[in-house]
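Biologist: Could you take a close look at one part of this protein for me, the aromatic rings and their surroundings? I would enjoy a connected walk through them.

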Amino acid sequence: MKRKELGIHSDIYSFGKTFLYLLESMHKNSEHIEQVLQQCIQENKINRIESFVILKNILLKIQKQNKIRFSCMTYQWYIVGIFICALMMLGMYIYRQQQYAYALAIRQGRYEDAMAMKQELVPYQKGYEEIVRQQIQLGKSEDEAQRIGLDILEAWIQMYQASNNEEIQNYYGMLCIFQDEPSYYRRAYQAFQYTDSSLYKVLSEVCFMLGEQNLNKKDMPKFLNDLIEIESYVETLVDQAQVIKLYEWLLQIYQYYANYLQEDAYDQCFKILDNLNQLSMMQDDKDEINMMYVQIYYEYGMMSMRKQDYDKMKQLFHNAQELMLEIEAMKNDYERLFTLNAYMLIYAELKEDEEQYYKIKMQYYYKHIPEKTSLIHSLYQKVKE
């Protein structure tokens, strides 16, 4: 069946079919129960019983009003068994639906809906959002307001002994990781470490390494695998705003540790940018994504130059320059454009017409740099020589 066809009506149908079969297999007639089950399997879903709550009340009413005396004790136990199974299924179904609805609301960032399902979380999440809003109104920056909110949220969690509530801890931990500071990574690690979720366990390990700032080469394979696992989880999320925020966080981590992760980091950066590019197709932030591409091309090209892989450097610098010239907002980035042209002239194997082109461009960009740094000046002199 198509996913859109599934719902309460299909579950009611399955319930009716199952227990109608059991009733008929006993070769006994129970007119009232059979009528209820027949209503559950009506072809037109509009004619079916609307919910398991209504179905449960109908069955309990029949049980109370039923005056029939069964001649066979075995048959009575069959009927009792049916009701017990039905009630157990109803309880499990309702609990599962509540858990699914809550998890989906959290994943989609609909915290108000989630809080309505779990009232014990209201003072924490709603309180945090209100504090941030008030601090912004008082003139604090968004970052400052969030940090004040996190400090108060942490105090609340400790004061009301809420540390065993996994949902609160996970919510608090996710807020901490976006602060991108060692102290907040340590807080996130403490929040995530006792979770039952595999995702948050991975996040806990990543936050521990980021918070301790003790990453070395032997840690890098595990660190990279953890980041890729988080990336795979992000692809399953529904809420687009949350997906973008997590992708941008991962992109920042890959860039920061690119000197350790080398090509693997940049390969993952391009994958994330491709995903962000698809998400931005219907939004107004296309230029922002392109500027991220430029930054990665530029950084990757500089790393290739240091590793003396000049063919790769040439291709990456070429991609960066072409993209920069397409973006109106980047046309005045003369320093980076000059640097790209200078390194191409110094290290890349260029044809005569390419060399002339890059010399003209380099001289043009050099004239537009008001404060020439020693690096830029030395590059200019090196090319002239």
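Modeller: Happily; here is a tour of the rings, followed by a helix pair. Please keep in mind that this is a predicted model.

Let us begin with the ring pairs, of which there are 18. In one of them, the ring centres of Y256 and Y257 lie 4.9 Å apart with their planes at 70°, and since an angle over 60 degrees counts as edge-to-face, so does this pair. These two sequence neighbours have contrasting surroundings: Y256 is exposed, at 58% relative accessibility, whereas Y257 is buried, at 5%. Y357 and Y358 make another edge-to-face pair, because their planes stand at 75°, with 5.3 Å between the ring centres. Here Y357 is partly exposed, its relative accessible area being 35%, while Y358 is buried at 7%.

Some rings gather in a group: Y266, F270, Y293, Y297 and Y300 make up one aromatic cluster.

Rings also meet charges. K245 places its charged end over the ring of F178, 4.7 Å from the ring centre. Likewise, the charged end of R336 sits over the ring of Y298, at 5.3 Å from its centre.

R336 falls within helix α17, which spans residues 334-347. The axes of α17 and α19 (residues 374-384) come within 10 Å and cross at roughly 35°, and the crossing is left-handed. On the α17 side the contact includes F338, Y343 and Y347, and on the α19 side Y380 is among the residues met. By class, this contact holds 11 nonpolar residues, one polar and two charged.

Methods
Residues are numbered from 1 along each chain as its sequence is written. This is a predicted model: local features need pLDDT of at least 70, side-chain atom pairs count only at pLDDT 80 or more; totals for chains, interfaces and linings use all residues. Side-chain values use heavy atoms; hydrogens and water are left out. Axes are lines fitted to C-alpha atoms, for helices over the stretch in contact, and angles run from 0 to 180 degrees between N-to-C directions. Helices (H or I, at least four residues) and strands (E, at least two) are DSSP runs, numbered from the N terminus. A crossing is left-handed if the near helix is turned anticlockwise from the far one by less than a right angle, and right-handed if clockwise. Contact means heavy atoms within 4.5 Å. Ala, Val, Leu, Ile, Met, Phe, Trp, Tyr, Cys and Pro count as nonpolar, Asp, Glu, Lys and Arg as charged, and the others, Gly among them, as polar. Rings of Phe, Tyr and Trp (its six-membered ring) pair if their centres lie within 6.5 Å; planes under 30 degrees apart count as stacked, over 60 as edge-to-face and the rest as tilted. Buried means under 20% relative accessible area, exposed over 50%, partly exposed in between (1.4 Å probe, protein chains only). A charge sits over a ring if NZ of Lys or CZ of Arg is within 6 Å of the ring centre and within 35 degrees of the ring normal.
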